[in-house]
Amino acid sequence: MLITAVEPRKKGLSALYIDGEFAMKLDTEVLLAHRFDVGREIDDDDLHACLQESGLKRCKDKAMWLISFRDHSRRELFDKLRRDYDDEICEAAVSRMEELGLIDDERYAKRYSADLVNIKHLSERGVRQKLREKGIDRDLIDEIVDGLFIDEEEQIRAVIEKKYARVLQDEKGRRRAVNTLTRMGFSYADIKSVMSEYTETEEY
């Protein structure tokens, strides 16, 4: 196979033409590193190696870009990358991010759980569910959540004061509050106990 043209494209890519026909887009830096110059003869192995290296580089670049905006759990980052790359390349890219210390599930889970408790005012059950959704290991979840002090009734009060204190005299408002608190993982008994501090009715 003869490389007949290499044309620059956007976002650091170049179009590779083989035997006069467009073949694929590859990372420009990888093309240069492999010396894929016009007039060079290549075989399937050469092309496959360049393609894999190009994919891995682009995948790592995207991982770095995603991490630059906010912290990610391992699975969360992997799932985002696999929208554009195959599993093998995504696994290699995510592992490299771990080696560099750019992602760390324990560090991530501690920060995330603290935000869930202190900012979102979730229940223990709610925190566990959110951590599971991020792909955090069950044993790590147990370790982290067991180290948190979560006063369920205080959390409920915080949510009510923030969003629902003014609407609890209205039946529709009470139902909205109960539905929200239930979705956040609080028990009905705790919800009822705290709601009684704000309204005389027991119809929730």
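Which residue is the bridge partner of Tyr 17 in β3? In β3, Tyr 17 is matched with Phe 22. That pair is a handy way into this structure, which is a predicted model.

## The sheet

Let's start with the overall layout. An open sheet is built from 3 strands, ordered β1-β2-β3, with antiparallel pairing. β1 and β3 (21-27) sit at the edges with a single partner strand each, so one side of each has no neighbour in the sheet. From one strand to the next, the twist averages 25°. As a bit of background, strands of a sheet pair through backbone hydrogen bonds, and they can do so in a parallel or an antiparallel way.

Now for the two pairings. β1 (residues 3-8) and β2 (residues 13-18) are antiparallel and share 5 bridges. On the other side, β2 and β3 also run antiparallel, joined by 6 bridges. Here are some of the residues that face each other across the sheet:

| Residue | Partner | Strand of the partner |
|---|---|---|
| Ile 3 | Ile 18 | β2 |
| Glu 7 | Ala 15 | β2 |
| Leu 13 | Asp 27 | β3 |
| Leu 16 | Met 24 | β3 |
| Tyr 17 | Phe 22 | β3 |

The turns deserve a look too. The hairpin of β1 and β2 has 4 residues between its strands, and there Lys 11 adopts a positive phi near 60°. In the hairpin of β2 and β3 there are 2 residues between the strands, and Asp 19 has a positive phi near 50°.

## The middle strand

Is β2 largely enclosed or left open? 6 of the 6 residues of β2 are buried, so the rest of the structure largely encloses this strand. Both of its faces are covered: Leu 13, Ala 15 and Tyr 17 are buried on one side, while Ser 14, Leu 16 and Ile 18 are buried on the other. A helix helps to set the scene here, since α2 lies across β2 and β3 and runs at about 40° to β3.

Take Ser 14, which belongs to strand β2. Its relative accessibility is 4%, and anything under 20% is called buried, so Ser 14 counts as buried. The side chain of Ser 14 makes a polar contact of 2.8 Å with the side chain of Thr 28. Beyond its neighbours within four places in sequence, Ser 14 is in contact with several residues, including Val 6, Pro 8, Arg 9, Leu 26 and Leu 31.

## Helix α4

Next, let's move along the chain to α4 (residues 87-99). With 13 residues at 1.5 Å a residue, α4 should span 18 Å, and its end C-alpha atoms are indeed 18 Å apart, so the two agree.

Which residues of α4 are buried? They are Ile 89, Cys 90, Ala 93, Val 94 and Met 97. Looking down the axis of α4, these buried residues fall within an arc of 130°, so they line one face of the helix. The general rule behind this is that an α-helix has 3.6 residues a turn, so residues three or four places apart point the same way. The buried residues of α4 pack against α2 (44-69) and α3 (74-81). Turned away from that buried side is a face with the exposed residues Glu 88 and Glu 99.

Both ends of α4 have something to show. At its start, a side-chain oxygen of Asp 86 comes to within 3.2 Å of the backbone nitrogen of Glu 88. After α4 comes Gly 101, with a positive phi near 75°.

## A loop residue further on

One last stop is Asp 151. Where is Asp 151 placed? Asp 151 is in the loop between α7 (138-146) and α8 (152-164). With a relative accessibility of 33%, Asp 151 counts as partly exposed. The side chain of Asp 151 reaches the backbone nitrogen of Glu 154 at 3.1 Å. Asp 151 and Val 117 are 34 residues apart along the chain, and their C-alpha atoms are separated by 9.7 Å.

Conventions
Residues numbered from 1 in each chain as written. Predicted model: local features only at pLDDT ≥ 70, side-chain atom pairs only at ≥ 80, totals over all residues. Heavy atoms only, no water. Pairing = 2+ DSSP bridges. Expected span 1.5 Å × (residues − 1). Buried < 20%, exposed > 50% of the residue type's maximum accessible area, 1.4 Å probe, protein only. Arc of directions from axis to C-beta. Contact = heavy atoms within 4.5 Å. Polar contact = N/O pair within 3.5 Å; in protein donor to acceptor, adjacent residues only side chain to side chain. Axes fitted to C-alpha atoms, helices over the stretch in contact; angles between N-to-C directions.
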